[in-house]
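Thanks for coming. I will take a few minutes to go through one protein, starting with the whole chain and ending with one small sheet.

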Amino acid sequence: MTQSYQMLIGGRWVEAAGGDHLASEDPYSGKAWAVIPRGAADDVDAAVEAADAAFTAPSWRSLPASARAALMRKVADLIPTVADGLAEVETRDNGKLLAATRGEVAALANIFHYFAGLADKIEGVIAPPEIPGVFAYACYQPLGVVAVITPWNSPLLIAAIKTANALAAGCTVVIKPSEFTSASTLEFAKLFERAGFPPGVVNVVTGLGAEVGERLVTHPKVAKIQFTGGSATGRRINALASGGLKKVVLELGGKSPNVVFDDADIDAAIRGAIVGIFSSSGQSCISGSRLLLHRSIHDRFIDRLVALTKDLRIGDPRRPETQIGPITTRPQFDRVIGFLDSARAEGAECVMGGAALDGPGQLVQPTVFTRVRNDMRIVQDEIFGPVLSVIPFEDEDEAISLANDSRYGLAAGVWTSDISRAFRMTERLEAGTVWVNTYRLLSVLLPSTGYKESGLGSENGQQNILNFMKPKTVFLNHGAQVTAPFIAT
Ligand code: NDP
């Protein structure tokens, strides 16, 4: 049976004003399982107006920060009561392993507790007395309506992080999830009602990027855009938003190098390489999709990596034994297959996988290419699938030169037992996050950003709360004589 969803605008669950719908497919069965409203400009306008009205209403604007934090903690406390259902919806909609979506949902409670903890710790600045009779200070005020635009690979986690950041600062939000994976965000939005948030503080409008997304980005009452997605879309959003001089934060794609030296713990590095690229079937911005191997270990490393990987169980993401699930969307599946063809055409050697699997689902074999050159498309472009390119290197300088020869700079891994080398490499790698002897760890406690075309601005960490606020400087005369006009002081 098909599940039917509505959008959340101004505290009401509604259909799109135009009455249109989109079907959401289960990437494993290939069948439509849900219907979501296909919003348009009118719906965005209604949602932004609702968010703007909520932003200025005393029920939100005058709420003490501690009370705002308490509301956020209620959301955190409600998450365990709906966690199983949320994880199942996410897996059904985007095909990620149920074990992985359960982990992501469990993280949401911590995220909301963390940002709730920041809400009442936003402090201003009092300037030391300089002018007798004048009290000068700066305080921080929330920016206003924040547009949250999310991709299909981790829709709920990404929406939750951005929303929690914004709410902690006292902003209101309009969330636009990916047209392919809107269901979990709509389910999650119910928690804000249950927690007692004033209507309009959190809104969700579903629909297409070109329709709902662009209207949101250009709406005059949207103060900030908090986006995660592909670099091409990010560039377009930045260009559109610049007309209104809006604040924009872009978390974009990656082509991250995972660099293994000959002094590394090779077993650990092999596991790190596998988890780096094949988790979420490679549909992860931080995928370690470029494996740089010291030449002396290249052949045996590949032999063992292939031996470990060829037995991975591919299939239904709901089954506990499955290790690789489907590609989330049909266009993305076609794109990944296109890269497999182009890699061969460019002369790369496929030593494992290299094809789609028959049967239900958009399943692609874990794939490893060797004999790749840095100028090939599979090395330079983000594939966003289970495709690993392996490149040998001679020494640290060559490893750095290959690793940094990319227009992306999201993340990087280094495997070595030499602590000095580890420091040198972390210093020289052009990436917002660098792991040493591990891969894929993330924390909302620390800032995350992308270098080069991987992003603009940053998210997370204590300081980031101020990026959802604007400073206001006040000079308060309580006794100084007002200067006579036209006399310079
Ligand atoms: P897209 O850039 O295609 O889409 C992301 C979101 O933007 C979707 O909600 C999409 O809507 C919307 N959108 C599309 N076009 C526009 C537009 N013109 N104006 C406004 N909004 C628009 O990315 P994907 O969904 O394909 O996600 C994969 C990408 O996300 C990868 O490149 C990946 O690396 C990146 N990503 C980055 C992360 C990071 O933290 N750096 C984390 C996770 C993913 P619709 O779906 O309807 O088109």
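A residue counts as buried when its relative accessible area is under 20%, taken with a 1.4 Å probe. By that cut-off, 55% of the 489 residues of the protein are buried. Please keep in mind that this is a predicted model.

Now the overall dimensions. The C-alpha trace spans about 80 × 60 × 40 Å along its principal axes. The radius of gyration is 24 Å; a compact globule of 489 residues would have one near 23 Å, so the protein agrees with that expectation.

Next, contacts. Among contacts with a separation of 6 or more, 74% are between residues 24 or more positions apart.

On to the surface and the charges. The accessible surface is about 20,400 Å², and carbon and sulfur atoms hold 54% of that. The protein has 46 positive and 52 negative charges, and the mean positions of these two groups lie 3 Å apart.

As for secondary structure, there are 14 helices and 25 strands. I will pick out one sheet. In which order do the strands of this open sheet run? The order is E1-E5-E4, three strands with mixed pairing. Strand E1, residues 3-4, and strand E4, residues 21-25, are the edge strands, each paired on one side only.

Strands of a sheet pair through backbone hydrogen bonds, and they can do this parallel or antiparallel. Here E4 and strand E5, residues 32-37, run antiparallel and are joined by 5 bridges. To find one of them on the screen, look for Ser 24, whose bridge partner in E5 is Ala 34.

That is where I will stop.

Definitions and conventions: Residues numbered from 1 in each chain as written. Predicted model: local features only at pLDDT ≥ 70, side-chain atom pairs only at ≥ 80, totals over all residues. Heavy atoms only, no water. Helix = DSSP H or I, 4+ residues; strand = E, 2+ residues; numbered from the N terminus. Rg over C-alpha atoms; globule rule 2.2 N^0.38 Å. Buried < 20%, exposed > 50% of the residue type's maximum accessible area, 1.4 Å probe, protein only. Contact = heavy atoms within 4.5 Å. Areas by Shrake-Rupley, 256 points an atom, 1.4 Å probe, with all protein chains shown as cover. Lys, Arg positive; Asp, Glu negative; His and termini not counted. Charge placed at Lys NZ, Arg CZ, Asp CG, Glu CD. Pairing = 2+ DSSP bridges.
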